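Student: Could you take me through one part of this model in detail? I would like a close look at a single hairpin and at what surrounds it.

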Amino acid sequence: MTKISLRAIADQLPRAWNSTVVGQAAGANVKVLRMDDAAYPDESHDFDEALLVLDGCMRLALQGQVTEVNAGEVFICLLYTSPSPRDS
């Protein structure tokens, strides 16, 4: 078992919006990334993902709705949905 500081890893990343794998759990990659205020292009994946916010607020546009995910909250995005971070 390994203890990992997600904030420390995110702070050390060279660029916003580029994730790094910090481990695996139940066959899934656990990734960390640092966000900034820039909008990010729409994306979809062929896997479910959990988006955990440590600091600040992430605004996601999903199926025409904007959802705010605040520090300490997690958003579960199911297979083939396309969340996109929004700055407004």
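Tutor: Happy to! One cut-off comes first: a residue is called buried when its relative accessible area is under 20%, exposed when that area is over 50%, and partly exposed in between. Leu-62 has a relative accessibility of 16%, so Leu-62 counts as buried. Please keep in mind that this is a predicted model.

Leu-62 is a good place to start, as Leu-62 belongs to strand β4. That strand covers residues 57–62 and pairs with strand β5, residues 65–70, in the antiparallel sense over 6 bridges. Across from Leu-62 stands Gln-65 of β5. The two strands make a hairpin with 2 residues between them, and Gln-63 in this turn has a positive phi of about 50°. Away from the hairpin, Asp-42 is 20 residues from Leu-62 in sequence, with a C-alpha to C-alpha distance of 9.5 Å.

Now to the charged side chains. In general, side chains of opposite charge can pair when their charged atoms come close. The whole structure holds 2 salt bridges. One of them joins the side chains of Arg-59 and Glu-68, with 2.6 Å from N to O. Arg-59 has 24% relative accessibility and so counts as partly exposed; Glu-68 is partly exposed as well, because its relative accessible area is 43%.

The side chains of Asp-55 and Arg-7 also form a salt bridge, at 3.1 Å from N to O. Asp-55 lies in the loop between β3 (49–52) and β4, while Arg-7 is in helix α1, so this pair ties together parts that are 48 residues apart in sequence. Arg-7, at 43% relative accessibility, counts as partly exposed.

Let us step back to the chain around the hairpin. The protein chain has 1 helix and 7 strands, and from the N terminus the order is α-β-β-β-β-β-β-β. Of its 88 residues, 22% are buried. Among the contacts with a separation of 6 or more, 35% are between residues 24 or more positions apart. The chain exposes about 6300 Å², and carbon and sulfur atoms supply 50% of that area.

Two loop residues earlier in the chain deserve a look for their backbone angles. Trp-17, in the loop between α1 and β1 (20–25), has a phi near 70°, a positive value in a residue other than glycine. Ala-26 has a positive phi too, near 50°, and is found in the loop between β1 and β2 (28–32). What about their exposure? Trp-17 is buried, with a relative accessible area of 14%, whereas Ala-26 is exposed at 89%.

On the surface, Leu-52, Val-74, Ile-76 and Leu-78 make a nonpolar patch of about 390 Å². Val-74 sits in strand β6 (residues 74–77) and is partly exposed, at 48% relative accessibility.

Finally, a word on how far to trust the coordinates. The mean pLDDT of the chain is 83, and 89% of its residues reach 70 or more. Confidence is highest in helix α1 (residues 6–12), with a mean of 92, and lowest in strand β7 (residues 84–86), with a mean of 57. Where pLDDT is low, the predicted coordinates should not be read in detail.

Terms used:
Residues are numbered from 1 along each chain as its sequence is written. This is a predicted model: local features need pLDDT of at least 70, side-chain atom pairs count only at pLDDT 80 or more; totals for chains, interfaces and linings use all residues. Side-chain values use heavy atoms; hydrogens and water are left out. Patches are made of residues with over 30% relative accessible area and no salt bridge: like charges are joined within 9 Å, nonpolar side chains (Val, Leu, Ile, Met, Phe, Trp, Tyr) within 5 Å. Accessible areas come from the Shrake-Rupley method with a 1.4 Å probe; for residues, only the protein chains shown count as cover. A salt bridge is a side-chain nitrogen of Lys or Arg within 4 Å of a carboxyl oxygen of Asp or Glu. Helices (H or I, at least four residues) and strands (E, at least two) are DSSP runs, numbered from the N terminus. Buried means under 20% relative accessible area, exposed over 50%, partly exposed in between (1.4 Å probe, protein chains only). Contact means heavy atoms within 4.5 Å. pLDDT is the predictor's confidence in each residue, from 0 to 100. Two strands pair if DSSP finds at least two bridges between them.
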